[in-house]
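Please open the structure in your viewer and keep the selection panel at hand. The tour below moves from stop to stop, saying at each one what to select and what can be found there.

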Amino acid sequence: MACVWALMVVVQVVAAQGMGVNYGTLGDNLPTAGEVANFLKTKTTIERVKIYDVKAEVLQAFAKSGISVTVTAPNGDIGVLRNMETARQWVVSNIKPFHPETKINYILVGSEVLHWGDSSMIRGLVPAMRTLHSALEAEGITDIKVTTAHSLAIMRASIPPSQGSFRPALAKRVLGPMLKFLRETRAPFMVNPYPYFSYNGKNVNFLLFRPNRGLYDKYTKITYTNQFDALMDAVHSAMKALGFADVAIAVGETGWPSLCDGWDACSVSNAQSYNAHLITHLATPKGTPLMPNRTFETYIFALFNENQKPGPIAERNWGLFHPDFSPVYDSGLLRNPQVTPAPAPGNRNKWCVPKADASDAALQANINYVCSQGVDCKPIQPGGLCYAPNNVRALATYAMNAYYQANGRHDFNCDFSHTAIITTIDPSHDKCKF
């Protein structure tokens, strides 16, 4: 099993390549921007950051770092950015002093404007995006794209994913014209999908990329194994309905808090499971069921636990790292694989097996899930050493344990919708070795 664990470490490191993170600064104990830039460059595989303003000290700190930076024009600037003269002045003041030494790749016009903005902001959003794009070109800047980020409050429907649709009023007046602009400028449509907000106590495995029975879309006959893919495909379906299926989608925010006000959704284990599995999931080139082979530029929320954010405890506990740069949990984003913790002592002689009362239907669903996640299922196929015709329990025992072993032998990897249990009795038999 040592070789399996070593392989997992390598996969985690490779998976993190190209990931982005939201860098917020609402804390009185956070490191300087220069320290942050150096940490990200030398200690992590994070290649992009997104900030919620255009702070000069942050933009200066990331100069010549090789890390791409997405900046945000505050919602309150939307009105002035509709005017070409003031938009050019905004570019001269906030972008030109740092470009191109700082790799600014996107300017977001506002944040979740269609969710939180007033009617004047919403009406002015697309005109402001177009004017800011023209202002950049007028100042000789052609390598920075303009877009904005949306909460999924823009959706009228997201289940089933193939029937995803935007809210009608927004689709006609705002999102249609916006997608036209994004297509013209080859900029992505940015959304903030948070499976966390769908938590109801019964769907945790579906939200956290753990083995589950899935979500069946009767229109496409696709079974979704995680909420992230389902949300992304719902957005894609809504875009397709407006004629813009070809526009790229980026993920501006997604994450999971590690602590909150007594709600069982929040835990270090759940946060680690979501973010670590998400990173691995996005590293594969398979895309989603409705968008095969597509990749999604993604920014995890958030870099730090920020102790001055208002609101409930969860708002201050979305971070991947503490202010001293120590990880809140292992997300797979640190460069040095030695920091990846080995399985806990004693785990080497543990196996994951079905519970005695698990039904054949549930066990077959577990087999289907495991074999769709890249686990080698050849040993339980005809001709394999562990093939057992007409014995679903035996096949599931091998598959469920293989998944448990390959993912680090953590207790949460042996749940399978409450149909599995950890044992210290080796289930190997005959030539079938576990």
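How many residues does helix H13 have, and how far does the helix reach from its first C-alpha to its last? Select residues 392-406, remembering throughout that this is a predicted model: helix H13 has 15 residues and reaches 21 Å from its first C-alpha to its last, which is close to the 21 Å expected at 1.5 Å a residue. If you now show the surface, you will find that H13 is mostly covered, with 12 of its 15 residues buried. Among these buried residues are Val392, Leu395, Tyr398, Met400, Tyr403 and Tyr404, and the list also includes Asn401 and Gln405.

Stay at this helix and look at what comes before and after. Just after H13, select Gly408, which takes a positive phi of about 100 degrees. On the other side, select Asn390, which lies in the loop between helix H12 (360-371) and H13. Asn390 has a positive phi of about 65 degrees although it is not a glycine, and with a relative accessible area of 84% this residue is exposed. As background for this stop, most residues other than glycine have a negative phi.

Next, select Phe209, in the loop between helix H9 (204-207) and strand S9 (215-217). Phe209 likewise is not a glycine and has a positive phi of about 65 degrees. Is Phe209 buried or exposed? At 5% relative accessibility, Phe209 counts as buried, whereas Asn390 is exposed.

The next stop concerns the backbone itself, and it helps to know that most peptide bonds are trans. Select Ile159 and Pro160, where the peptide bond from the one to the other is cis, with omega near -5 degrees; Pro160 lies in the loop between strand S6 (155-157) and strand S7 (165-166). Then select Phe301 and Ala302, whose peptide bond is also cis, with omega near 10 degrees, and note that Ala302 is placed in the loop between strand S12 (298-300) and strand S13 (351-354).

Now turn to the helices that pack against helix H7, and begin by selecting residues 84-94 for helix H5 and residues 119-138 for H7. These two helices pack with their axes 8 Å apart, at an angle of about 60 degrees, and so H5 is oblique to H7. The crossing of H5 and H7 is right-handed. From H5, the residues Met84, Ala87, Arg88, Trp90 and Val91 take part, meeting Thr131, Leu132, Ser134, Ala135, Leu136 and Ala138 in H7. By class, the residues of this contact between H5 and H7 divide into 8 nonpolar, 2 polar and 1 charged.

Keep H7 selected and add helix H8, residues 168-185: the axes of H7 and H8 come within 10 Å and cross at roughly 15 degrees, which means that H7 is roughly parallel to H8. Here H7 passes H8 in a left-handed crossing. On the H7 side, Ile122, Leu125, Val126, Met129, Arg130 and His133 meet residues of H8 that include Val174, Pro177, Lys180, Phe181 and Glu184. The contact of H7 with H8 has 9 nonpolar, 2 polar and 3 charged residues.

For the last stop, select Ala63, in the loop between helix H3 (56-61) and strand S3 (68-73). Ala63 is partly exposed, with a relative accessible area of 23%, and, leaving aside its neighbours within four places in sequence, Ala63 is in contact with Glu101 and Thr102.

Key
Residues are numbered from 1 along each chain as its sequence is written. This is a predicted model: local features need pLDDT of at least 70, side-chain atom pairs count only at pLDDT 80 or more; totals for chains, interfaces and linings use all residues. Side-chain values use heavy atoms; hydrogens and water are left out. Axes are lines fitted to C-alpha atoms, for helices over the stretch in contact, and angles run from 0 to 180 degrees between N-to-C directions. Helices (H or I, at least four residues) and strands (E, at least two) are DSSP runs, numbered from the N terminus. Angles under 35 degrees count as roughly parallel, over 145 as roughly antiparallel, 65 to 115 as roughly perpendicular and the rest as oblique. A crossing is left-handed if the near helix is turned anticlockwise from the far one by less than a right angle, and right-handed if clockwise. Contact means heavy atoms within 4.5 Å. Ala, Val, Leu, Ile, Met, Phe, Trp, Tyr, Cys and Pro count as nonpolar, Asp, Glu, Lys and Arg as charged, and the others, Gly among them, as polar. The expected span of a helix is 1.5 Å times one less than its number of residues. Buried means under 20% relative accessible area, exposed over 50%, partly exposed in between (1.4 Å probe, protein chains only).
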